[in-house]
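Reader: Please take one part of this model, its interior, and describe closely which side chains meet there. I would like every term to come with its cut-offs, so that I can repeat the analysis.

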Amino acid sequence: TIRIYVPDQVEPINIIKSHQDTVCKLTTGTKDGTFLSSSWDMSAKLWSLSDLSKPQLNLLGHTAAVWCVTDLSNGPIITGSADKLVIIWTNDGSIQHKLTGHTDCVRDISPISGNEFLTCANDATVRHWNVSLGTCLGTYCGHENYIYSILALENGTSIFTCGEDRTLRIWHNTELSQTITLPTQSVWCLALLPNGDIVTGSSDGVVRIFTCNSERYADPETLQEFEQQVASVKLNAQQE
């Protein structure tokens with residue numbers, strides 16, 4: 001189910017039962033009042049808040065769970081799936097390109113312009129794609145395990161990724177510039193705050209915020225405890 005809430009109310013104002021299996025991704029659309037969903041039922045859907053009785057588009061073409069979906073500013077919708085494919089859909093719901101290259105489940109997508117986007121996958125790579133040509137412009141390696149989440153800013157000059165290797169990684173102009181190891185097994189998701197800080201959510205149930213601004217650093221005791229936790233997790237992983 002998809003449940004729609006408004007601020008200050010604990011009960012949903014609408015419950016949508018259109019998908020046939022786990023809904024694993026929701027994202028706002030570029031057009032006001034729209035959002036997209038994807039599911040283990042091998043479909044993705046485009047919705048309008050003005051009419052929730054049925055999806056605006058029902059995207060069927062994958063042969064496994066659709067882990068991620070997004071749309072671009074000029075209309076195309078992008079989906080990534082456990083079938084290892086990335087599909088580019090036109091704004092009327094037909095398939096424009098089926099993109100091959102990833103060798104494992106595609107987990108997340110980040111637009112970088114109206115005609116380019118990035119994907120990450122369980123094959124531990126990031127791929128850069130051109131929409132109109134349907135071609136791969138580059139493959140970036142740096143992670144050691146599944147990559148679960150990717151976020152690109154400033155037309156792709158700054159990229160943030162996280163995954164199963166316990167790291168948050170920061171890229172500049174496609175080159176890996178910083179690796180932050182977290183004291184957890186999996187770093188599932190990330191988001192960027194308006195002030196430039198990075199938020200991560202991980203398998204240990206902890207949300208952590210990282211900053212470049214020294215005025216917002218945690219106190220020395222907290223930072224020392226974090227470093228000790230990271231060292232302990234690394235040691236345990238090496239022993240295993």
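Author: Of the 240 residues of the protein chain, 45% count as buried, where buried means under 20% relative accessible area, exposed means over 50% and partly exposed lies in between, with a 1.4 Å probe and protein chains only. The model is a predicted one, in which local features need pLDDT of at least 70 and side-chain atom pairs count only at pLDDT 80 or more, whereas totals for chains, interfaces and linings use all residues. Residues are numbered from 1 along each chain as its sequence is written, and side-chain values use heavy atoms, with hydrogens and water left out.

For the setting of that interior, the protein chain has one helix and 21 strands, these being DSSP runs numbered from the N terminus, with at least four residues (H or I) for a helix and at least two (E) for a strand. Its radius of gyration is 19 Å, close to the 18 Å that the globule rule gives for 240 residues, so the chain is as compact as a globular protein of that length; the radius is taken over C-alpha atoms, and the rule is 2.2 Å times the number of residues to the power 0.38. Along the principal axes, the C-alpha atoms fill a box of roughly 55 × 45 × 35 Å. Where contacts join residues at least 6 apart in sequence, 33% of them link residues at least 24 apart, a contact being heavy atoms within 4.5 Å.

The largest nonpolar core has twelve residues, among them Phe 160, Cys 162, Leu 168, Ile 180, Leu 190, Phe 210 and Phe 226; such a core is a set of buried Ala, Val, Leu, Ile, Met, Phe, Trp, Tyr and Cys residues joined through side-chain atoms within 4.5 Å. Two or more residues each come from strand E16 (158–163), strand E17 (167–172), strand E19 (187–192) and helix H1 (220–239). A second core, separate from this one, has eleven residues, including Leu 72, Val 86, Ile 109 and Val 131. Within the twelve-residue core, Leu 168 can serve as a point of reference: beyond residues up to four places away in sequence, Leu 168 touches ten residues' worth of neighbours that include Cys 162, Ile 180, Leu 182, Leu 190, Ile 198 and Phe 210, as well as Thr 161, Gln 178, Thr 179 and Thr 200.Beside Leu 168 in the sequence, Thr 167 belongs to strand E17 and is buried, at 3% relative accessibility. The side chain of Thr 167 makes a polar contact of 2.7 Å with the side chain of Asp 165, and another, of 3.5 Å, with that of His 143. Here a polar contact is a pair of N or O atoms within 3.5 Å; within protein, one atom must be able to donate a hydrogen and the other to accept it, and residues adjacent in sequence count only if both atoms are side-chain atoms. Leaving aside residues up to four places away in sequence, the neighbours that Thr 167 touches include Cys 162, Ile 180 and Val 187.

Asp 165 also meets Arg 169 in a salt bridge, at 3.2 Å from N to O, a salt bridge being a side-chain nitrogen of Lys or Arg within 4 Å of a carboxyl oxygen of Asp or Glu. Arg 169 is buried, with a relative accessible area of 6%, and Asp 165 is buried at 9%. The structure holds five salt bridges, and two others can be set beside this one. Arg 208 pairs with Asp 204 at 2.9 Å, N to O; Arg 208 is buried at 11%, while Asp 204 is partly exposed at 32%. Lys 54 pairs with Asp 51, with 3.5 Å between the closest N and O atoms, and here Lys 54 is partly exposed at 49%, as is Asp 51 at 26%.

On strand E16, Ser 158 is buried, with a relative accessible area of 16%. Apart from residues up to four places away in sequence, Ser 158 touches Leu 151, Ala 152, Leu 153, Trp 171 and His 172.

As to the cysteines, the structure holds zero disulfides, a disulfide being a pair of cysteine sulfur atoms within 2.5 Å. The sulfur of Cys 24 lies 8.2 Å from the closest cysteine sulfur, that of Cys 68, which is too far for a bond, and Cys 24 is partly exposed at 24%. Cys 189 is likewise in no disulfide, the nearest cysteine sulfur being that of Cys 162, 6.6 Å away; Cys 189 is partly exposed, with a relative accessible area of 41%, whereas Cys 162 is one of the residues of the largest nonpolar core.
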